[in-house]
Amino acid sequence: SCYHDQVPAHPEYGSSSASNWIDPNVCCAEDEPGRGNMKPNPVSNDIILWETNIGAAGVRKYPEPLGWMGAMPVQDIADVGSFWSGYGNIFGDALKSRPRRVDQTLGQQAGFMATRSQILFFDEICPGGFLPPYEDDQQWKGDSLQRHAVEFWSGGFQLFGQCLLNRVLSLDPKRFERQLLYHTANNKQRTKGKKLFVRANDFLGQLHTVKERAEKSIGVE
């Protein structure tokens, strides 16, 4: 479920709004006839996300110039706090608490890119270090490749878990569209159930609805 009934897309956003849509060519441009499973000339509402939904997301207001941002799931030890989309028990028994390390809603990223200085920053702030050889064997449990799936390393899961960083999404469509990475295999549509998919425009619209609710809850006009 993508919880469209409990958290509808903001009327100025979403797949049915015809405004504030993301540009599909930023992430997913493909010329005719299309390579492999890549669809040529995609339109905005062709862009979908999987294994995440608004039930696991929230919003947080950061100091300017960031302002309001979408908050994606992180491990409890890394969470700096955000206004959960389910505040006020709007999901009822279907979702009583915010999902954290749940595969269906984790929104596992395909990887990460960082500059040299950012990598060195990770190494400085991450408990036990970020680059091998690790300073603390207890933190990383010995062999760095032992006990961890490929998503932990190539997907960057250690960053928003053990390294205590948070993942945020811009609520500006022009910035949000630049945070999307094309899964060019396009195989998930055949291997995952429809309930695990959500249109990128709808997800962004739902985040704006949560932002509006957060502002009301703290008395912002």
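# A tour from the sheet to the rings

Start with the open sheet of four strands, whose order is E4-E2-E3-E5 and whose pairing is antiparallel. Colour E4 and strand E5 (168-170) first: they stand at the edges, each with a single partner strand, so one side of each has no neighbour in the sheet. Keep in mind as you look around that this is a predicted model.

**Inside the sheet**

Next, select strand E2 (residues 58-62) and strand E3 (residues 67-71), an antiparallel pair joined by five bridges. Together E2 and E3 make a hairpin, with four residues between them. Zoom in on Gly-58: on one strand, E3, the residue opposite Gly-58 is Ala-71, and in E4 the residue opposite Gly-58 is Trp-84. That second partner belongs to strand E4 (residues 83-84), which runs antiparallel to E2 and is joined to it by two bridges.

Now cross to E5. Three bridges connect E3 with E5, and these strands too run antiparallel. For a landmark, pick Met-69, whose bridge partner in E5 is Ser-170. From here, add helix H7 (residues 200-217), which packs on the sheet and touches E2, E3, E4 and E5. The direction of H7 makes about 60 degrees with that of E2.

**Into the core**

Which residues of the largest nonpolar core touch the most other members? Show Ile-54, Phe-176, Leu-180, Phe-203 and Leu-207 as sticks: of the 31 residues in that core, these have the most contacts with other members. Helix H1 (24-28), E4 and H7 are the elements that give two or more residues to this core. The largest share, six residues, comes from H7.

Centre the view on Leu-180. Leaving aside residues up to four places away in sequence, Leu-180 touches Ile-22, Cys-27, Ile-47, Leu-49 and Ala-200. Apart from this core lies another, of six residues, and you can find it by selecting some of its members, among them Phe-122, Cys-126, Leu-159 and Cys-163.

**A histidine before H1**

Go back along the chain to His-10, in the segment before H1. Is His-10 buried or exposed? With a relative accessible area of 12%, His-10 falls under the 20% cut-off and is therefore buried. Show its surroundings and you will see contacts with Gly-205, Gln-206, His-208, Thr-209 and Glu-212, again not counting residues up to four places away in sequence.

**Rings and charges**

How many aromatic pairs are there to look for? The count comes to six. One of them is the tilted pair of Tyr-3 and Phe-91, with 4.5 Å centre to centre and 45 degrees between the planes. This pair links distant parts of the chain, 88 residues apart: Tyr-3 is in the segment before H1, and Phe-91 is in the loop between E4 and helix H2 (116-125). Tyr-3 is buried, at a relative accessible area of 11%, and Phe-91 is buried as well, at 4%. Add Trp-84 to the selection, and you have a cluster of Tyr-3, Trp-84 and Phe-91 linked by ring pairs. You have met Trp-84 already, opposite Gly-58.

Finish with two arginines. Select Arg-60 and you will find it over the face of Tyr-62, at 5.2 Å from the ring centre. Then move to Arg-167, which lies over the face of Phe-160, at 3.8 Å from the ring centre.

How values were computed: Residues are numbered from 1 along each chain as its sequence is written. This is a predicted model: local features need pLDDT of at least 70, side-chain atom pairs count only at pLDDT 80 or more; totals for chains, interfaces and linings use all residues. Side-chain values use heavy atoms; hydrogens and water are left out. Two strands pair if DSSP finds at least two bridges between them. Contact means heavy atoms within 4.5 Å. Axes are lines fitted to C-alpha atoms, for helices over the stretch in contact, and angles run from 0 to 180 degrees between N-to-C directions. A nonpolar core is a set of buried Ala, Val, Leu, Ile, Met, Phe, Trp, Tyr and Cys residues joined through side-chain atoms within 4.5 Å. Buried means under 20% relative accessible area, exposed over 50%, partly exposed in between (1.4 Å probe, protein chains only). Rings of Phe, Tyr and Trp (its six-membered ring) pair if their centres lie within 6.5 Å; planes under 30 degrees apart count as stacked, over 60 as edge-to-face and the rest as tilted. A charge sits over a ring if NZ of Lys or CZ of Arg is within 6 Å of the ring centre and within 35 degrees of the ring normal.
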